[in-house]
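Colleague: I am new to reading protein models, and I would like to know how the words people use for them are justified. Could we look at one together?

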Amino acid sequence: MIPSAKKKASAIEENRKYPWMIYRSVFGVLLLASNIVAGVGLIAAPAEAEPSSARQNELIYRLRHDCGSCHGMTLKGGLGPPLVAAKIAETDQEQLVETILHGVEGTPMPPWNFEINRDEAAWLVRLLKKGVRYED
Ligand code: HEC
């Protein structure tokens with residue numbers, strides 16, 4: 001082969017390889033991006049999301065004032081049953097969460113899902129099962 005033809009041939013060869021290089025690097029970037037999204041997703045959405053500390057304070061305030069009006073200021077019971085750890089520690093977590101979210105029909109226990117979401121209800125139940133201490 002004469003040198004100029006050889007050069008041309010290798011240029012064609014380059015062109016043929018080039019698209020694959022692009023596909024390969026685009027694929028690499030997509031793979032990296034999907035790994036980042038998956039990783040961030042894991043950090044941002046753990047199985048049980050904790051409410052922010054400001055929201056936790058609101059929920060504790062609500063527990064004391066709204067829930068307390070039926071369950072007792074110290075949650076030892078009133079119109080509603082006691083919500084102290086000794087009484088509910090053994091009760092199924094999901095059942096208590098459902099009760100908070102949807103209330104109990106035919107009883108004064110109202111549904112709270114219009115302003116307490118599932119993660120928040122789950123957090124409240126974990127708190128109640130551990131035992132709430134008011135610092136006063
Ligand atoms: C208007 C009164 C009232 C208010 C307000 C109220 N509850 Fe209740 N709650 C009840 C009654 C009555 C029951 C018992 C229902 C039954 O007979 O099953 C109950 C049951 C429950 C139970 C189930 C207890 C168990 O041992 O199974 C949980 C948990 C609970 N309430 C949480 C809350 C929380 C949290 C709030 C505030 C966000 C709240 N309640 C506000 C009246 C109330």
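Modeller: Happily; what follows is a short conversation about this predicted model, going from its overall make-up to single residues.

Colleague: What makes up the chain, helices or strands?

Modeller: The protein chain has five helices and zero strands. Read from the N terminus, the order is α-α-α-α-α. Of its 136 residues, 10% count as buried.

Colleague: Why is leucine 75 called buried?

Modeller: The cut-off for buried is 20 or more other C-beta atoms within 10 Å. Leucine 75 has 24 C-beta neighbours inside 10 Å, so it counts as buried. You will find leucine 75 in the loop between α2 and α3.

Colleague: What makes the backbone of leucine 75 worth a second look?

Modeller: Its phi is positive, about 60 degrees, although leucine 75 is not a glycine. Most residues other than glycine have a negative phi. For comparison, look at two glycines: glycine 72, just after α2, has a positive phi of about 95 degrees, and glycine 131, just after α5, has one of about 105 degrees.

Colleague: Why is phenylalanine 114 called exposed?

Modeller: A residue is exposed if 12 or fewer other C-beta atoms lie within 10 Å of its own. Phenylalanine 114 has 8, and therefore it is exposed. Phenylalanine 114 sits in the loop between α4 and α5. Its C-alpha is 8.2 Å from that of leucine 101, a residue 13 places away in sequence.

Colleague: How do you know that α5 has the span expected of a helix?

Modeller: Here we set one value against another. α5 has 13 residues and reaches 18 Å from its first C-alpha to its last, close to the 18 Å expected at 1.5 Å a residue.

Colleague: Which residues of α5 are buried, and what covers them?

Modeller: The buried ones are Glu120, Ala121, Ala122, Trp123, Leu124, Val125 and Leu128. Their cover includes α2, α3 and α4.

Colleague: What makes a group of residues a nonpolar core?

Modeller: The members must be buried residues of certain nonpolar kinds, joined through C-beta atoms within 7 Å. The largest such core here has eleven residues: Leu75, Leu83, Val97, Ile100, Ile116, Ala121, Ala122, Trp123, Leu124, Val125 and Leu128. α4 and α5 each supply at least two of them, and α5 gives the most, with six residues. Take isoleucine 100 as an example: leaving out residues up to four places away in sequence, isoleucine 100 touches Trp112, Ile116, Ala121 and Leu124.

Colleague: How do you know that α2 bends?

Modeller: The bend is the angle between axes fitted to the seven residues ending at a position and the seven starting there. At leucine 63, this angle in α2 is about 35 degrees.

Colleague: Which residues come nearest to the ligand?

Modeller: There are 23 residues around the ligand, and Cys67, Cys70, Gly80, Thr107 and Met109 come nearest. The elements that give two or more residues to this shell are α2 and α4. α2 gives the most, with seven residues.

Colleague: How many residues of each class does the shell have?

Modeller: The shell around the ligand has 15 nonpolar, six polar and two charged residues.

Colleague: What share of the contacts joins residues far apart in sequence?

Modeller: Among contacts in the protein chain with a separation of 6 or more, 48% are between residues 24 or more positions apart.

Key
Residues are numbered from 1 along each chain as its sequence is written. This is a predicted model: local features need pLDDT of at least 70, side-chain atom pairs count only at pLDDT 80 or more; totals for chains, interfaces and linings use all residues. A residue is near a molecule or strand if its C-beta atom, placed from the backbone, lies within 6 Å of it. Helices (H or I, at least four residues) and strands (E, at least two) are DSSP runs, numbered from the N terminus. Ala, Val, Leu, Ile, Met, Phe, Trp, Tyr, Cys and Pro count as nonpolar, Asp, Glu, Lys and Arg as charged, and the others, Gly among them, as polar. Two residues are in contact if their C-beta atoms, placed from the backbone, lie within 7 Å. The expected span of a helix is 1.5 Å times one less than its number of residues.
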